[in-house]
Structure formats: C-alpha cells, structure tokens
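Colleague: Got a minute to go through this structure with me? I'd like the overall layout, then the pocket.

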Amino acid sequence: MNTTSLAAESADVPVTAPAPAPASAPAPAQSARSLLKQLQQQFPAFRDCLPLAIGIDKQLLARVPGLDRKTMRAALGIHTGSLRYLRAMEKATVRYDLDGVAGAEVSDIHRTHAKETLQQRFKKEAERKKAERDAAQADEANRLRQEKLLQLASKFSRNG
C-alpha cells in the first residue's frame, strides 16, 4: 500500500523529509518552514506577503528545480494561513506572481474567507484567554478558601 495519501499531501502541517538527499540532487530535502524562508528570500510575493496568484504552486514547480510537492504544499499552507497573509488578503484587490507582478483580481469570496478566518482565530484566542483567566480566578478563590479554613482551624484548635 502506498503510504502517501491525498490527505497527507494536503495537510498544512510542517513536513520534514527523511535523510538529506545526496550532493548530486538538485535541492536538498528540507522542512516546510525552511522552504518558506527560502521562498521569502527568493521571491518578492512571499517576502512582501502579497496575495498569491492562483496556481502559484505550478509557478514554483517550474522555477525551483527538485522541489518536493508535499513540502511545497505544507509551506504554502503555513504562508497562506499566517495572520499577516490573511490580513493582506482581507484588503487585497489584486493577486501577484512570484516576482511581485500584479495579475488577476482577488474575488470577494476570497476576501470574505480571509476575513472570516481571522474573526474565527481572534474569537478562539479570546475564548482561550478567558478560560485561562477563569481558571486563574478559580485557583485564587480556592487558595483563599484554603487559607480561611486554616485560619479557622487554628483559631478553634487554640480555644478548644
């Protein structure tokens, strides 16, 4: 059975390749995050966090020899899921190719998706912070209750 599944290929999780490729290979195996750093150094669209053209993956495969598709997809997922990129997409009107040249327009659907994704993230973060505050308050209330019980216990043990 082939261990590479469609679900694994489309996962937005950083993928690390097995052992590095031999020196004769066109590009060494790398993690999605290190590939993303390389893309940010190499291409203005990534460096400036511009809305990427539809089909940017095909442009990358054509321009970067030996690029691993799974690693590239993971790197693209990290990049397009970042707050900085989503904020850019939320207000964007135009998409850009690898060199930063303007191309097709950004659709309202894609702008709305970016906005909703940001709202969901902020809501989730606010809920997490509220849960942390509630837990801290409960811990403090328990501590004060225990302290009060100890004071009462010592008071009554002295008078007994």
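Modeller: Sure, here's a quick walk through the fold, one helix and the pocket. Bear in mind that this is a predicted model.

Colleague: What's the secondary structure of the protein?

Modeller: Seven helices and two strands. From the N terminus, the order is α-α-α-α-α-α-β-β-α.

Colleague: And what share of the 160 residues is buried?

Modeller: Buried residues come to 22%. The accessible surface is about 11100 Å², with 56% of that belonging to carbon and sulfur atoms.

Colleague: Switching to α2, which residues are buried there?

Modeller: A32, L35, L36 and L39, in a helix that covers residues 32-42. They sit on the same side of α2, because they cover an arc of only 100° around the axis.

Colleague: What do those buried residues pack against?

Modeller: α3 (44-47), α4 and α5. On the face turned away from the buried side, you'll find the exposed residues K37 and Q41.

Colleague: OK, pocket time. How much space is in the largest pocket?

Modeller: About 490 Å³. It's lined by 21 residues, and L76, T80, G81, Y85 and H113 are the closest to its centre.

Colleague: Which helix gives the most to that lining?

Modeller: α7, with five residues. At least two residues each come from α4 (56-63), α5 (69-80), α6 (83-91) and α7 (108-159).

Colleague: How does the lining split by class?

Modeller: Nine nonpolar, seven polar and five charged residues.

Note on methods. Residues are numbered from 1 along each chain as its sequence is written. This is a predicted model: local features need pLDDT of at least 70, side-chain atom pairs count only at pLDDT 80 or more; totals for chains, interfaces and linings use all residues. Side-chain values use heavy atoms; hydrogens and water are left out. On a 1 Å grid over the protein atoms alone, a cavity is a set of points where a 1.4 Å probe fits but cannot get out, and a pocket is an open set with protein on both sides within 12 Å along at least five of seven lines; lining residues have an atom within 4 Å of a point. Grid points are joined across faces, edges and corners, and a volume is the space filled by probe spheres set on the points. Helices (H or I, at least four residues) and strands (E, at least two) are DSSP runs, numbered from the N terminus. Ala, Val, Leu, Ile, Met, Phe, Trp, Tyr, Cys and Pro count as nonpolar, Asp, Glu, Lys and Arg as charged, and the others, Gly among them, as polar. Buried means under 20% relative accessible area, exposed over 50%, partly exposed in between (1.4 Å probe, protein chains only). The arc is that of the directions from the helix axis to the C-beta atoms. Contact means heavy atoms within 4.5 Å. Accessible areas come from the Shrake-Rupley method with a 1.4 Å probe; for residues, only the protein chains shown count as cover.
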